[in-house]
Amino acid sequence: MKCEHCTRKECSKKSKTEDQEDAADHVPSLALENGEKGEFHKLAEAKIFLSDCLACDSCVTAEESIQVSQQNTRGFFRVLNLNKKCDTSKHKVLVASVCPQALPYFAAKFSLSVTDASRKLCGFLKSLGVHYVFDTTIAADFSILESQKEFVHRYRRHSEREATLPMLTSACPGWVRYAERVLGDPITPHLCTAKSPQQIMGSLVKDFFARRQSLPPDKLFHVVVAPCYDRKLEALGEDFRGADCVLTSGEVLQMMEKSDLAVKDMAMDTLFGDLEEGLRRHDGTRSDGYLAHVFRHAAKELFNEDVGEVTYRTLRNKDLQEVTLEKEGQVLLRFAAAYGFRNIQNVVLKLKRGKAPYHFVEVLACPGGCLNGRGQTHPEDRALLGQMEALYAAVPVRAPESSAHVQQLYHEWLDGADSPRAREALCTAHQGPPASSRDIKW
């Protein structure tokens, strides 16, 4: 069978079958494991399907495929049940981190605002036995700030042929895995070295928060609620052990729909234990808005130009857009957003031919961006995506530079924004494809 995302004649990934549809019937529920009346039924096992991401057989090994299938509600329920037993030596503090692009999905499904949906979700998770529920926006703050800093540094060195442009974002795990495992050189040198929000959130929970709670990292069980299956794959990385379990929004929604627990709405927690400041998002209509934030920062730092509203120009389709900074008829900066495999393929081909006209490209594997992650939506459900976009747009935007908590963390947690500790916690080195990998020929 040929994968819809590549040109191979064979692909080790499996398409969705009736057996996989019925897999839900074999997943034990939390209540059943306790010998109580069943509260959860038909919770589908997590699998990566052909339409879910960019990962084909060069990206995902057989062992990783098995590990991803184990990233489901079973592990989550197992820890919840252990916490109910008398042997306190096996008890863990459960922490859930929710990606901001997952919240509009719950809001649309329950006909709520994003803020009310977050309170409903938080209350549900805590009713199950989760101790803390965080929003990962603060982790995205760090990722964006590091991306801004790296782009300016690359741009200044590029004129001396000491740095590689365009810089490609590194927040989407499906895209990064594809670039590392399949494309390799000459693409990986273009990848930004800033870690993804999920990776940074893992460090915040397992390092900063653990120390703040006077707990060893292994006493914390960290669950991430994310919009796409690729986040499960990212959690398997050798340099990332910050998430013990990744659940998609769709999996959590199934739990909520099948539950008869009494739930009280609750505000999300903060890493500092103070009052929640209120939900906010970054300046992206369907993502964390790396393009807009880096563009404004670069315009100011490099050319002393203040950019207010970022104006996008649609190219071939709405998932391929361009932004430029011009002065006296000269293009100073040319940025692009490329979502979905076809648009990514177009950018990669231009890069390989040395004809890419951009300084920066925001790359996301899912057409429609993170809101359209396959863990919560389907390509044909355009009405749901449109509803989610409207709900997401209503959340207030705040620039990462304005977060007092981020600045506090740079000081208290990382010994300063430019310290070796900050570099280790917030940045990574991208690997090329393994020796056994066969490059895709286009």
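A salt bridge here means a side-chain nitrogen of Lys or Arg lying within 4 Å of a carboxyl oxygen of Asp or Glu. With that in hand, a search through the whole of this predicted model turns up 18 salt bridges. Let's walk through a few of them, and then turn to a sheet that one of them touches.

**Salt bridges between separate parts of the chain**

| Acidic residue | Basic residue | Closest N to O distance |
|---|---|---|
| Glu-251 | Lys-232 | 3.0 Å |
| Glu-389 | Arg-286 | 3.9 Å |
| Glu-305 | Lys-327 | 3.3 Å |

Take the pair of Lys-232 and Glu-251, whose closest N and O atoms are 3.0 Å apart. Lys-232 belongs to helix 10 (residues 230-234) and Glu-251 to helix 11 (residues 249-258), so their contact ties together parts that are 19 residues apart in sequence. Both of these residues, Lys-232 and Glu-251, are buried.

The salt bridge of Glu-389 with Arg-286 has an N to O distance of 3.9 Å. Here Glu-389 sits in helix 14 (residues 382-393), while Arg-286 is in the loop between helix 11 and helix 12 (290-303), so the pair ties together parts that are 103 residues apart in sequence. How exposed are the partners? Glu-389 is partly exposed, at a relative accessible area of 24%. Arg-286 has 8% relative accessibility, and it counts as buried because that value falls under 20%.

Next come Glu-305 and Lys-327, which approach to 3.3 Å between their closest N and O atoms. This pair links distant parts of the chain, 22 residues apart: Glu-305 is in the loop between helix 12 and strand 6, and Lys-327 is in strand 7. Glu-305 is partly exposed at 24% relative accessibility, and Lys-327 is partly exposed at 40%.

Salt bridges also join up into a network, which links Glu-146, Lys-149 and Asp-418.

**The sheet around strand 7**

Lys-327 in strand 7 brings us to an open sheet of 5 strands, which has mixed pairing and the order 3-9-8-7-6. Strand 3 (167-168) and strand 6 (313-314) stand at its edges; each has a single partner strand, so one side of each is left without a neighbour in the sheet.

Strand 7 (residues 320-327) pairs with strand 8 (residues 330-339) in the antiparallel sense, over 8 bridges. Which residue of strand 8 is the bridge partner of Gln-321? That partner is Ala-337.

Methods: Residues are numbered from 1 along each chain as its sequence is written. This is a predicted model: local features need pLDDT of at least 70, side-chain atom pairs count only at pLDDT 80 or more; totals for chains, interfaces and linings use all residues. Side-chain values use heavy atoms; hydrogens and water are left out. Two strands pair if DSSP finds at least two bridges between them. Helices (H or I, at least four residues) and strands (E, at least two) are DSSP runs, numbered from the N terminus. Buried means under 20% relative accessible area, exposed over 50%, partly exposed in between (1.4 Å probe, protein chains only).
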